[in-house]
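Reader: I would like a close look at a single helix and at how its surroundings are built. Please go through it carefully and keep the account connected.

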Amino acid sequence: MRKFSLCFPDASEVEEEETEQKKKPAEKTKTKPEKRKIVTEKPAKAKKKNNEQNEQMIPPRKEAQDEKSAKPPKKRKKKKTITDVLATSEPKPGCPADLQDLVTQYFKDKRSVIEQEELKVQDSFFLSSNDLTHTLSSYLKQIAPKWAKIQKQHMEKSSVVLLVVCSSALRTIELIKQLTSFKGEAKAVKLFAKHIKIEEQVKLLQKGIYHIGVGTPGRISALVEREGLSLQALRYLVLDWNWRDQKLRRMVDIPEIKQDLMKLLESGVLARCKEDKVKIGLF
C-alpha cells in the first residue's frame, strides 16, 4: 500500500498571505484619493493662470499712472512784491512829480472831475526836495532859513508851524531826536496813535504852545478832523518821502498810510497851498 502524507502550511506562511491580502485593498484605497486630488487641482491651476493673466494686465495701467504723476507740475509765476521791485532798483530821491502823480491816480476814480481839479497839486506848492545827502536838521535849515524868527512869532495854541509826516511811531521818535540842532528853543510834539489817546493829545495841544509836530498821517488827520489841531499857523509840511522800512517800503508804498496821507492833504492842506500859505517839502 502507498503511503500518503498530508502537508499543512506553516503558521508563518499563513500569516504572510493574510498580510498580503490586507495590503492589496489598502493600496487600492490609496490610489483613489490621489485621483481625486488631481481632479481638484485642475481648477486651482486654471485659477492661478487667470490670476497670472490679470496680474500681467494690471502693471501697464500703474505704469501709465506713474508716468502721469512723474510729470513735473506747472509752476505758477509769483507776483512781484513791492519789496522785490525796490530791492532791484536804485533808490532815487523824491520829486514833485512823484506826489503829483500819486494824488492824480488816487483820486481819479474817487472824486468828480471838478473835485479832482481842486485837489490838483501844482509845482508852486513845493519846496526844494532832499537829494539824499541831507539829515533832517540840515534839510530843514535849507527850506526854513529864517526859522529862529518864525518860531519866536508863533504864539497860537492847538497849532504848529512845521509838520513832519512819517510812517510810524518809532520813526516819529527817531526824527524828533534828529531835530536837536535845528529847533533851537522851539518845542516839538509827538502826534501818533500808539499808547497815546487822541483826547490826551487834544488837551496837550490846547494847554501849551508847540512849534513842530511830528507824527503819522492817520493821527494828524484825525486831530484836524476833531479840530484838536488847527492848520491856520502851518507854514511847512515835510513828508518823510525817501525813508524805507525793513521791507524797503516808503511811506506811500503802504496802502493804509497812503490813504491817511491823501485824507490829510484833502482835509485842508492843499487848500492852504493854493492860498500860498503852506509849502510842501519831500525829505
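Author: On the other side of α7 from its buried residues, Leu 170 and Lys 177 are exposed, where exposed means over 50% relative accessible area, buried under 20% and partly exposed in between, with a 1.4 Å probe and protein chains only. This is a predicted model, in which local features need pLDDT of at least 70 and side-chain atom pairs count only at pLDDT 80 or more, while totals for chains, interfaces and linings use all residues. Residues are numbered from 1 along each chain as its sequence is written, and side-chain values use heavy atoms, with hydrogens and water left out.

Helix α7 spans residues 169-178, and its buried residues are Ala 169, Arg 171, Thr 172, Leu 175 and Ile 176. Seen down the axis of α7, these buried residues fall within an arc of 155°, so they line one face of the helix; the arc is taken from the directions that lead from the helix axis to the C-beta atoms. Helices (H or I, at least four residues) and strands (E, at least two) are DSSP runs, numbered from the N terminus.

The buried residues of α7 pack against α5 (136-143), β1 (162-165), α8 (180-183), β2 (188-191) and β3 (212-215), contact meaning heavy atoms within 4.5 Å. At the start of α7, the backbone nitrogen of Arg 171 has a side-chain oxygen of Ser 168 within 3.2 Å.

The three strands against which α7 packs, β1, β2 and β3, belong to an open sheet of five strands in the order β2-β3-β1-β4-β5, with parallel pairing; two strands pair if DSSP finds at least two bridges between them. At the edges of the sheet stand β2 and β5, each of which pairs on one side only, and the twist averages 20° from one strand to the next. Four bridges join β4 and β5 in the parallel sense, and Leu 239 stands opposite Leu 282 in β5.

Helix α5, another packing partner of α7, lies across β1, β4 and β5 and runs at about 145° to β4, the axes being lines fitted to C-alpha atoms, for helices over the stretch in contact, and angles running from 0 to 180 degrees between N-to-C directions. Leaving aside neighbours within four places in sequence, Leu 237 is in contact with residues including Leu 163, Val 165, Leu 265 and Ile 280.

How values were computed
Polar contact = N/O pair within 3.5 Å; in protein donor to acceptor, adjacent residues only side chain to side chain.
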